[in-house]
Structures are given as structure tokens and as C-alpha cells.
Amino acid sequence: MRGMSNKPVIEAFTDGACSGNPGPGGWGVLLKSGKHRKELCGGEKQTTNQRMELQAAIEALRALKKPSHITIYSDSKYVIKGITEWIHGWKKNGWKNASKKPVANDDLWRALDEQAARHQINWQWVKGHAGHEGNERADELARQGIPID
């Protein structure tokens, strides 16, 4: 599938999971373009749910070989609001939040911002655990990504 500007049109479903928060965590991504599907997952031994939600979005964008039109579906209001609203102020204020404190997870926010700059992105919040097929699959992948000692 191609967009008007000949860029690939892709849907990404992203999710993060944590066993304990903080604790071992995983991220999952389901990428869809036309009839093509690609699934990705990974994780870290010590992390938080928010970090895994961010990592999933970063990995979705990192997986794209060329600039694309992509809709990213996430059940994380933290990710959606962060990238569409809050990040502009953080960047203007030298990565400080409204309380003049360093932005939490700024390493991942910077990585997401860098990846996002290459693409045309439509960020969509979806209700988690509500039977949304793509979101449910991303959730399963995120749980698979959690490292087991």
C-alpha cells in the first residue's frame, strides 16, 4: 500500500508490559502494511511499564527501512500525550518538565523524537484490553519479551 507521496502506508500496534513496576519488562510491536505483517518483541531485566511503552514505539519506527506514513496505535496515554503535546515544551525548556525537573525517561523520549522525525505519524490512543485485535497481539508480544531469569 502506498500513500499519496509514494511512501509506504503502515499501521503499528505497540505495547509495553512489566512484571512488577519496576521489574522485568517487555515491549511488543505488530507492524502491518497491506497483507504484510511483522512482529517484534524484546525486554529488559529491570525497567518500568512506561519505559517499555516508549521502547515499543521506538522499535516500531526503527524497524521501518525508509520514511513512511505510519499510524501508531498505543494504549499508553503517557506515550501519546508525551509525543503529541508535552515534548514541545520539554524541548523548549531544555528537557525540563513544568516543575523545572529533568523529564523522566528523557533518553527514550529523545530516541523516539529522533525516530519520529523521519516519518509522517498519526498517533492513535486505543483502549487496552478491549478486544482490539492489533493491541491484543502487541500485548501478547510484550509479555513474550519479558526476560525470565
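Begin by selecting helix α1, residues 49-62, and colour its buried residues, which in this predicted model are R51, M52, E53, L54, Q55, A56, A57, I58, E59, A60 and L61. The helix is mostly covered, since 11 of its 14 residues are buried. If you place a distance between the C-alpha atoms at its two ends, you should read 20 Å, which agrees with the 20 Å that 14 residues should span at 1.5 Å a residue.

Next, move to helix α4, which covers residues 133-145 and has 13 residues. From its first C-alpha to its last, α4 reaches 19 Å, close to the 18 Å expected at 1.5 Å a residue. Select G134, N135, R137, A138, D139, L141, A142 and G145, which are the buried residues of α4, and then show what surrounds them: these buried residues pack against three strands, β1 (9-18), β2 (23-33) and β3 (36-47).

Now turn to the aromatic rings, of which a search of the whole structure finds 6 pairs. Select F13 and Y73 together, and look along the planes of their rings: the centres are 4.7 Å apart and the planes lie at 10°, so this pair is stacked. Because F13 belongs to strand β1 and Y73 to strand β4 (residues 69-74), the pair ties together parts that are 60 residues apart in sequence. F13 counts as buried, at 4% relative accessibility, and Y73 is buried as well, with a relative accessible area of 17%.

For another arrangement, select Y78 and W109, whose ring centres are 5.3 Å apart and whose planes stand at 65°, so the pair is edge-to-face. Y78 lies in helix α2 (residues 77-92) and W109 in helix α3 (residues 106-116), so this contact between rings ties together parts that are 31 residues apart in sequence. Both residues are buried. Widen the selection to include W86, W90 and W95, and you will have one aromatic cluster, formed by these three together with Y78 and W109.

Then select K77 and W125, where the lysine lies over the face of the tryptophan ring, at 4.5 Å from the ring centre.

Finish with the cysteines C18 and C41. How many disulfides does the structure hold? The structure holds 0 disulfides; C18 is in none, and the nearest cysteine sulfur to its own, that of C41, is 15 Å away. While C41 is still selected, you may also display its surface, where its relative accessibility of 36% means that this residue counts as partly exposed.

Methods. Residues are numbered from 1 along each chain as its sequence is written. This is a predicted model: local features need pLDDT of at least 70, side-chain atom pairs count only at pLDDT 80 or more; totals for chains, interfaces and linings use all residues. Side-chain values use heavy atoms; hydrogens and water are left out. Helices (H or I, at least four residues) and strands (E, at least two) are DSSP runs, numbered from the N terminus. The expected span of a helix is 1.5 Å times one less than its number of residues. Buried means under 20% relative accessible area, exposed over 50%, partly exposed in between (1.4 Å probe, protein chains only). Contact means heavy atoms within 4.5 Å. A disulfide is a pair of cysteine sulfur atoms within 2.5 Å. Rings of Phe, Tyr and Trp (its six-membered ring) pair if their centres lie within 6.5 Å; planes under 30 degrees apart count as stacked, over 60 as edge-to-face and the rest as tilted. A charge sits over a ring if NZ of Lys or CZ of Arg is within 6 Å of the ring centre and within 35 degrees of the ring normal.
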